[in-house]
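User: Please take a close look at one helix of this model and at the contacts that hold it in its surroundings. A connected account would be appreciated.

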Amino acid sequence: MFITFEGIEGTGKTTQITRLKQHMEDMGRQVLLTREPGGSRIGRELRRLLLTMESSDLTGETELFLYLADRAQHVREVIRPALEQNKVVISDRFADSTVAYQGYGRGIDPKLLHSFNQTAIGEYGPDLTILLDIEPEIGLKRAMMRNMREQKVREEGRFEAEALPFHKKVREGYLTLAMLHRSRIRVVDAAQSPDEVANAIAAVVDECMDK
Ligand code: TMP
């Protein structure tokens, strides 16, 4: 089973992914946690280039193709082998991030992005996507505090530095995607307490596994 987590900055994805891993392991499943960008060795090099503040000269098209390159490598080197071993794969971001950020956020045609994503992914699309939804004002504040606490502002802060309207467009993009793919993408309110969010996610995942 392949589960992806999506959402704007500061929704608490990392905390919730760790909790879901525990939940699945309690049910006797082997779980592989991974992320984009940076799930493979090559991907980790791409992640540095993509997220550092030093990459202010990256063009929108270059950014897009680097995310797609990261994904193509990630699927073949990490995701596909784990799924073939019957593991549950949980990825912190995947193809919907490209449609939300490069499509709705930067203005590249989402239809084109679906087709590029298809080439990068092949048949290995997610069975379930948890979209953690929060007001961008709240999410951004949380993400900036985290980057300062972890001293990652320069190293990983390129998207947090985008203005609020960009993050609003990304959020709207995600909500549009959720409407278009109702059976795969499930929206969870990330403004609730971490326990409430974790319970909501566990309920959705359990329902999906019973099908
Ligand atoms: P994160 O791993 O801390 O969430 O940071 C990844 C950043 O990269 C985040 O701001 C979203 C952005 N991103 C894209 O713009 N497009 C993509 O396809 C992916 C996977 C991430």
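Analyst: In this predicted model, the buried residues of helix 3 pack against three strands and three helices: strand 1 (2-6), strand 2 (31-35), strand 3 (88-92), helix 2 (41-51), helix 4 (95-105) and helix 5 (110-121). The buried residues of helix 3 include Leu 64, Leu 66, Leu 68, Val 78 and Ile 79, and charged residues are also among them, namely Glu 63, Asp 70 and Arg 71. Ala 69, which also lies in helix 3, counts as partly exposed because its relative accessibility is 35%, between the limits of 20% and 50%. The C-alpha atoms of Ala 69 and Pro 165 are 27 Å apart in space, with their positions 96 residues apart in sequence.

As for its geometry, helix 3 comprises 25 residues (60-84), for which a rise of 1.5 Å a residue gives an expected span of 36 Å; the end C-alpha atoms are 34 Å apart, in agreement with that figure. Helix 3 nevertheless bends by about 45 degrees at Val 75, and Val 75 is itself one of the buried residues. After the helix comes Asn 86, with a positive phi near 65 degrees.

Two of the buried charged residues of helix 3 take part in salt bridges. Arg 71 pairs with Glu 36, the closest N and O atoms being 2.7 Å apart. This pair links distant parts of the chain, since Glu 36 is in the loop between strand 2 and helix 2 while Arg 71 is in helix 3, 35 residues apart. Both partners, Glu 36 and Arg 71, are buried.

The second is Glu 63, whose side chain meets that of Arg 158 in a salt bridge of 2.9 Å, N to O. Arg 158 lies in the loop between helix 7 and helix 8 (164-180) and Glu 63 in helix 3, so this salt bridge ties together parts that are 95 residues apart in sequence. Arg 158 counts as buried at 11% relative accessibility, and Glu 63 counts as buried at 2%. Through shared partners, salt bridges join Glu 63, Arg 158, Arg 106 and Glu 162 into one network.

Helix 2, one of the elements packed against helix 3, has a link of its own: Arg 47 and Glu 156 form a salt bridge (2.8 Å, N to O). Arg 47 belongs to helix 2 and Glu 156 to helix 7 (residues 153-156), so the pair ties together parts that are 109 residues apart in sequence. Glu 156 is buried, with a relative accessible area of 17%, and Arg 47 is buried at 11%.

Methods: Residues are numbered from 1 along each chain as its sequence is written. This is a predicted model: local features need pLDDT of at least 70, side-chain atom pairs count only at pLDDT 80 or more; totals for chains, interfaces and linings use all residues. Side-chain values use heavy atoms; hydrogens and water are left out. Helices (H or I, at least four residues) and strands (E, at least two) are DSSP runs, numbered from the N terminus. The expected span of a helix is 1.5 Å times one less than its number of residues. The bend at a residue is the angle between axes fitted to the seven residues ending there and the seven starting there. Buried means under 20% relative accessible area, exposed over 50%, partly exposed in between (1.4 Å probe, protein chains only). Contact means heavy atoms within 4.5 Å. A salt bridge is a side-chain nitrogen of Lys or Arg within 4 Å of a carboxyl oxygen of Asp or Glu.
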